[in-house]
Amino acid sequence: MNRDAPCQDEWSILVVEDHPATRQFMKLRLRKAGYRVMAAGDGREALEILKHHFCPLVITDWMMPEMDGLDLCRAIRQESWEGYVYIILITAKDSQEDIVRGLEAGADDYLSKPVHPAELLARLQTGRRILELERTLKERNQEIARLSITDPLTGIYNRRYLNDTLTVEVRRALRYKRPLGLLLCDLDHFKRINDTYGHNVGDLVLKEFAGWLQGSIRGGIDWLARYGGEEFVLVLPETDLAGSFDLAERLRRLVAEKVIATPAGDITITASFGIASFTPGGPENHPAPETLLNEADQFMYQAKKSGRNRVVGPTGNQ
Amino acid sequence: MDIENTARNLGIGRDELLEVLEIFLEASVADLEALTEAVAAEDRSRAGAAAHSLKGAALNLGLTEVADLARTLEMAAKDGVLLGAEGQLKDLREKLQDLTQAIQA
């Protein structure tokens, strides 16, 4: 009668029970069913354990010394944990009024003593179903959040992220009086590539280009976003004007030297760079993100006009 | 008491059940002592708590006779009629002794 449902992932259960015999029995029985089991003698001990070893499943007795099961339910619900905690309350009380009190305190399910092992395992299965739903939902939300700030073609950040995060970077630079560099770069004659080789090759070129940029910046500090069709923005915290020029020039040379192998043959490209920079204490004391972008855009336009494949910034050409 | 059968019903091994019963009996000594003192002193809340503890564990381990006696004592404590409870206390002590012998066999 006690066929246990196989428990593939290791699920941790915290058993909270003041009677040592029941506690030991539950430990043995649940381990046999494939759970990882921890045990506590009352609510207070249970909270301590949870803080150090999170368990998504909690089975708790109601009547216990120190902190009883009802108070434990309330305490668990008051704190935020790394995931949902599914609580099964076990008790010899079984009046309707008691059941309502238990559920209102935050229990998800309710079992009366004596607890039949098969029933307890089935209830735990229900709990796991709910926890799995919660995990899937959380993963999906994270994925959606990631997608909403990612450019689908190149995998780098998109314009939405740029708009939101550039504001944060500018504010931080102002507050801590740190320099901030911004590069806007645009592929030269990209339309020709699309017209000559088709959009598939054009997409490939954009991906390669984005990959080179991504590979040349400081991970975790600098970041880059696709601004428009073939326009990219690099944001360089803690980088002054000279540093911004250095990087832009390095990137310009790298792009001009690389060869992209495409189904239509090898392609070489060049790019033009415009720089905007914020230096604390400088005359431009409160740059708005749009001001920085416009400034870089104007310099990029100058780079295009003066022959492309070059870097232009506030102090002149390089 | 049928150890094999109880173990099967609870879904644990025979040796595991013996281990759990040993722990139960150890705890029961304390519960029984508390009960005896509380009944003599007519301390209803202490008697009730000790009987409740014993009842819960006995129920979970399928020890129905022990659980029934503990429940009667818990009720008596609740209703304030501990005076006649010595008889039940004696029955309970005997049942626990039987159990001790059963697991030592």
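This is a short talk on the cores, two helix pairs and a few single residues of a predicted model.

Hi everyone, thanks for coming. Please keep in mind throughout that we are looking at a prediction.

Let's start with the inside. In soluble globular proteins, nonpolar side chains tend to be buried together. Here, the largest nonpolar core has 60 residues. The residues with the most contacts inside that core are A:L30, A:Y35 and A:L124 from chain A, together with B:F24, B:L35, B:L61 and B:L92 from chain B. And which helix gives the most to this core? That is helix α2 of chain B, residues 14-41, which supplies 11 residues.

Let me zoom in on one member of that list, B:L61. Setting aside residues up to four places away in sequence, B:L61 touches A:A21 and A:F25 on the chain A side. Its partners in chain B are B:T6, B:L10, B:V20, B:L21 and B:F24. There is also a second, separate core, with 31 residues. Among them are A:L183, A:F245, A:I260 and A:A271.

Now to helix packing, and back to α2 of chain B. Two packed helices are described by the angle between their axes and the distance between the axes. For α2(B) and helix α5 of chain B, residues 86-104, the angle is about 160° and the axes are 11 Å apart. An angle over 145 degrees counts as roughly antiparallel, so that is how α2(B) and α5(B) run relative to each other. The crossing of α2(B) past α5(B) is left-handed.

Who meets whom in this pair? From α2(B) we have B:L18, B:L21, B:E22, B:F24, B:L25, B:S28, B:L32, B:L35, B:T36 and B:V39. Facing them from α5(B) are B:E86, B:L89, B:L92, B:R93, B:L96, B:L99, B:T100 and B:I103. Sorted by class, that contact comes to 12 nonpolar, three polar and three charged residues.

One residue in that pair is worth a stop: B:L18, in helix α2 of chain B. Is B:L18 buried or exposed? Its relative accessible area is 17%, and the cut-off for buried is under 20%, so B:L18 is buried. Beyond its neighbours within four places in sequence, B:L18 is in contact with B:I3 and B:I103. If you like sequence-distant pairs, B:L18 and B:Q104 are 86 residues apart in sequence, yet their C-alpha atoms are 9.0 Å apart in space.

For the second helix pair, we move to chain A. Helix α8, residues 199-216, and helix α9, residues 241-257, cross at roughly 140°, and their axes come within 11 Å. That angle makes α8(A) and α9(A) oblique to each other. The crossing of α8(A) past α9(A) is right-handed. On the α8(A) side the contact uses A:F209, A:W212, A:L213 and A:S216. On the α9(A) side, A:L247, A:R250, A:L251, A:L254 and A:V255 take part. By class, we count seven nonpolar residues, one polar and one charged in this contact.

Next, a charged residue on the inside. A:D186 sits in strand β6 of chain A, residues 180-187. With a relative accessible area of 9%, A:D186 is buried. Which residues does A:D186 contact, leaving aside its neighbours within four places in sequence? They are A:E230, A:E231, A:A271, A:S272, A:M300 and A:K304. You may remember A:A271 as a member of the second core.

For contrast, let's look at A:H52, in helix α2 of chain A, residues 43-52. A:H52 counts as exposed, at 61% relative accessibility. Its C-alpha atom and that of A:T126, 74 residues along the chain, are separated by 25 Å.

Last, some backbone details for the validation fans. The peptide bond from A:K113 to A:P114 is cis, with omega near 0°. A:P114 belongs to the loop between β5 (109-112) and α5 (117-147) of chain A.

Then there are two non-glycine residues with positive phi. A:R308 has a phi of about 65° and is placed in the loop between α10 (289-305) and β12 (311-313) of chain A. A:R308 counts as partly exposed, at 29% relative accessibility. B:E42 has a phi of about 50° and lies in the loop between α2 and α3 (44-60) of chain B. At 44% relative accessibility, B:E42 is likewise partly exposed.

That's my tour. Thanks for listening, and I'm happy to take questions!

How values were computed: Residues are numbered from 1 along each chain as its sequence is written. Chains are lettered from A and ligands numbered from 1 in the order in which they are written. This is a predicted model: local features need pLDDT of at least 70, side-chain atom pairs count only at pLDDT 80 or more; totals for chains, interfaces and linings use all residues. Side-chain values use heavy atoms; hydrogens and water are left out. A nonpolar core is a set of buried Ala, Val, Leu, Ile, Met, Phe, Trp, Tyr and Cys residues joined through side-chain atoms within 4.5 Å. Buried means under 20% relative accessible area, exposed over 50%, partly exposed in between (1.4 Å probe, protein chains only). Helices (H or I, at least four residues) and strands (E, at least two) are DSSP runs, numbered from the N terminus. Contact means heavy atoms within 4.5 Å. Axes are lines fitted to C-alpha atoms, for helices over the stretch in contact, and angles run from 0 to 180 degrees between N-to-C directions. Angles under 35 degrees count as roughly parallel, over 145 as roughly antiparallel, 65 to 115 as roughly perpendicular and the rest as oblique. A crossing is left-handed if the near helix is turned anticlockwise from the far one by less than a right angle, and right-handed if clockwise. Ala, Val, Leu, Ile, Met, Phe, Trp, Tyr, Cys and Pro count as nonpolar, Asp, Glu, Lys and Arg as charged, and the others, Gly among them, as polar.
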